[in-house]
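Open the structure in your viewer and set it to cartoon view. This tour goes stop by stop: select, look, move on.

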Amino acid sequence: MTDVQPSHSPLFSTFARADIVFERGEGVWLETREGRRYLDFAGGIAVNSLGHAHPHLVAALKDQAEKVWHVSNLYEIPGQTRLAERLCAASFADRVFFTNSGAEALECAIKTARRYHFVNGAPQRFRILTFEGAFHGRTLATIAAGGQAKYLEGFGPKVEGFDQLPFGDREALKAAIAGPEVAAVLIEPIQGEGGVRAVPTDWLREMRALCDEHGVLLVFDEVQTGIGRTGHFFAHEMTGVTPDILASAKGIGGGFPLGACLATDEAAKGMTPGTHGTTYGGNPLAMAVGNAVLDVVLGEGFLETVRRTALALKQGLASVVDRYPQVFSEVRGEGLLVGLKAVLPNGEVVGALRGEGLLTAPAGDNVIRLLPPLIATEADMREAVSRIEAAAAKLADAGALKKSA
Ligand SMILES: *Cc1c(COP(=O)(O)O)cnc(C)c1O
């Protein structure tokens with residue numbers, strides 16, 4: 001443990017940090033300065049898609065670091081063209097804009113949607129429909145899109161043009177989408193921060209049809225769900241519904257800051273020279289790592305293996321839920337984006353799991369997220385399940401004691 005005193009820290013106090021310092025990682029494991037090992041099922045919140053210190057990623061980064069770190073987007077960056085070509089070949093998209101983060105990928109998605117209508121002669125169409133429980137990032141526009149009061153409070157007037165609808169309310173969407181100012185619908189196919197809440201497939205289909213009927217663009221936020229997290233390259237592939245624009249980040253860089261906005265040629269047609277830009281986005285180091293991530297994730301049989309190990313994890317968790325109904329009530333999610341709905345406060349459970357040497361991440365709706373690296377084996381899943389079981393047994397005992405006292 002550390003001797004850092006938060007009240008004397010020179011850092012903004014925006015994060016409630018656990019008192020742990022990790023010094024190194026390897027695969028699914030993280031190790032503290034003091035040598036304590038943790039099974040990392042938080043993955044930097046769905047970022048370390050290939051675990052820690054993956055040899056192929058380390059080699060790609062080192063190799064690029066010895067050539068050139070950064071050049072401006074005023075010049076050709078071959079790694080960008082290559083990564084964009086591969087992302088397009090593996091998805092619905094024809095075009096890509098690279099960013100450094102998820103929120104920036106969303107900013108690009110929002111701007112792309114608005115510009116599309118602008119160049120179509122409908123500049124009045126700028127409103128974006130979003131859904132309750134959403135999370136799209138922490139910039140001024142993306143907190144407006146997410147619509148959560150706790151993230152908006154104190155930051156001045158909410159950025160104009162975002163209308164939040166109740167999650168799953170078909171009638172509300174039907175009424176709102178007919179508005180003359182609507183540019184796009186923005187949704188996470190599975191809400192991550194919101195508590196691993198999947199959008200029912202039939203509702204996504206209906207949403208696509210409504211968008212087409214009203215000339216509205218459909219934007220998917222796959223920052224958390226994309227790049228193999230669900231056992232599919234993008235989560236929407238399971239639904240058969242494709243978007244016009246998509247924001248990706250987190251797992252795409254495997255730990256190197258990288259995001260991407262993907263779009264069809266048609267949806268991207270307003271993004272002409274000078275309309276958007278970035279200094280770091282698509283930098284050669286990020287491109288080297290992004291391409292290395294795809295070498296692995298798009299490799300023969302990789303996603304199939306993810307689906308199989310994910311099933312093993314889910315089955316193990318289902319049995320823990322059955323045996324400890326005082327602690328957990330439900331397993332949800334897809335692939336390796338797994339939510340355990342807690343009966344006890346989720347923060348308490350995350351702490352207890354950390355006590356067993358297992359890192360997880362809390363989410364809304366009193367859910368604990370398990371986001372293991374995609375390279376986790378069935379043995380790693382069994383190890384995690386046995387640690388969850390150990391924590392559940394202790395929490396259940398403590399609860400029984402409290403009750404009898
Ligand atoms: C994490 C996340 C974001 C924001 O990404 P940052 O890299 O933190 O800006 C946006 N949308 C979703 C769904 C996310 O999970």
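Two strands count as paired if DSSP finds at least two bridges between them. Keep that cut-off in mind for the first stop. Note also that this is a predicted model.

**Stop 1: a strand and its two partners**

Select β10, residues 217-221. Now add strand β11, residues 245-248. Three bridges join β10 and β11, and the two run parallel. Look for F220, which stands opposite L246 in β11.

Next add β7, residues 182-187. β7 and β10 are also parallel, with four bridges between them. Here V185 faces L218 of β10.

Show the side chains of β10. In a regular strand the side chains alternate between the two faces of the sheet. Are the faces of β10 covered or open? Both are covered. L217, V219 and D221 are buried on one side, L218 and F220 on the other. That makes five buried residues out of five.

**Stop 2: the seven-stranded sheet**

Zoom out to the sheet that holds β10. Seven strands form this open sheet, with mixed pairing. Trace the order: β4-β12-β11-β10-β7-β5-β6. Which strands are at the edges? They are β4 (95-99) and β6 (162-165), and each pairs on one side only. Neighbouring strands are turned by 20 degrees against each other on average, direction ignored.

Now add two helices. Select α4, residues 102-119. Helix α4 lies across β4, β5, β6, β7, β10, β11 and β12. Its direction makes about 165 degrees with that of β11. Then select α3, residues 78-89. Helix α3 lies across β4 and β12 (259-263), and runs at about 125 degrees to β4.

**Stop 3: aromatic rings**

Show the aromatic side chains. How many aromatic pairs does the structure hold? There are five.

Select F131 and W203. Their ring centres are 5.2 Å apart and their planes stand at 80 degrees, so this pair is edge-to-face. F131 is in strand β5 (residues 127-131), while W203 is in helix α8 (residues 201-214). The two are 72 residues apart, so the pair links distant parts of the chain. Both are buried.

Now select F135 and Y151. Here the centres are 5.9 Å apart and the planes make 75 degrees, so this pair is edge-to-face too. F135 sits in the loop between β5 and α5 (140-146). Y151 is in helix α6 (residues 149-152), 16 residues from F135. F135 and Y151 are both buried.

Add R138 to the view. R138 lies over the face of Y151, 3.8 Å from the ring centre.

Go back to F131 and W203, and add F167. These three form one aromatic cluster. F167 also has a charge over its ring: the charged end of R197, at 4.1 Å from the ring centre.

**Stop 4: a helix with two sides**

Select α2, residues 55-65. Colour L57, A60 and Q64, which are buried. They cover an arc of only 65 degrees around the axis, so they lie on the same side of α2. Turn to the other side. Are P55 and K62 buried or exposed there? Both are exposed. Now add α9 (284-297), which is part of what covers the buried residues of α2.

**Stop 5: the four-stranded sheet**

Move to the last sheet. Four strands form it, in the order β13-β14-β17-β16. This sheet is open, and its pairing is antiparallel. The edge strands are β13 (328-334) and β16 (361-363). Each has a single partner strand, so one side of each is left without a neighbour in the sheet. From one strand to the next, the twist averages 30 degrees.

Pick out β16 and β17 (residues 367-370), an antiparallel pair with three bridges. A363 has V367 in β17 as its bridge partner.

Finish with two helices. Select α10, residues 302-323. Helix α10 packs on the sheet, touching β13, β14 (337-342) and β17. Its direction makes about 165 degrees with that of β13. Then select α11, residues 346-355. Helix α11 lies across β13, β14, β16 and β17, at about 40 degrees to β17.

Terms used. Residues numbered from 1 in each chain as written. Predicted model: local features only at pLDDT ≥ 70, side-chain atom pairs only at ≥ 80, totals over all residues. Heavy atoms only, no water. Buried < 20%, exposed > 50% of the residue type's maximum accessible area, 1.4 Å probe, protein only. Axes fitted to C-alpha atoms, helices over the stretch in contact; angles between N-to-C directions. Contact = heavy atoms within 4.5 Å. Phe/Tyr/Trp six-rings, centres within 6.5 Å; stacked < 30°, edge-to-face > 60°. Lys NZ or Arg CZ within 6 Å of the ring centre and 35° of its normal. Arc of directions from axis to C-beta.
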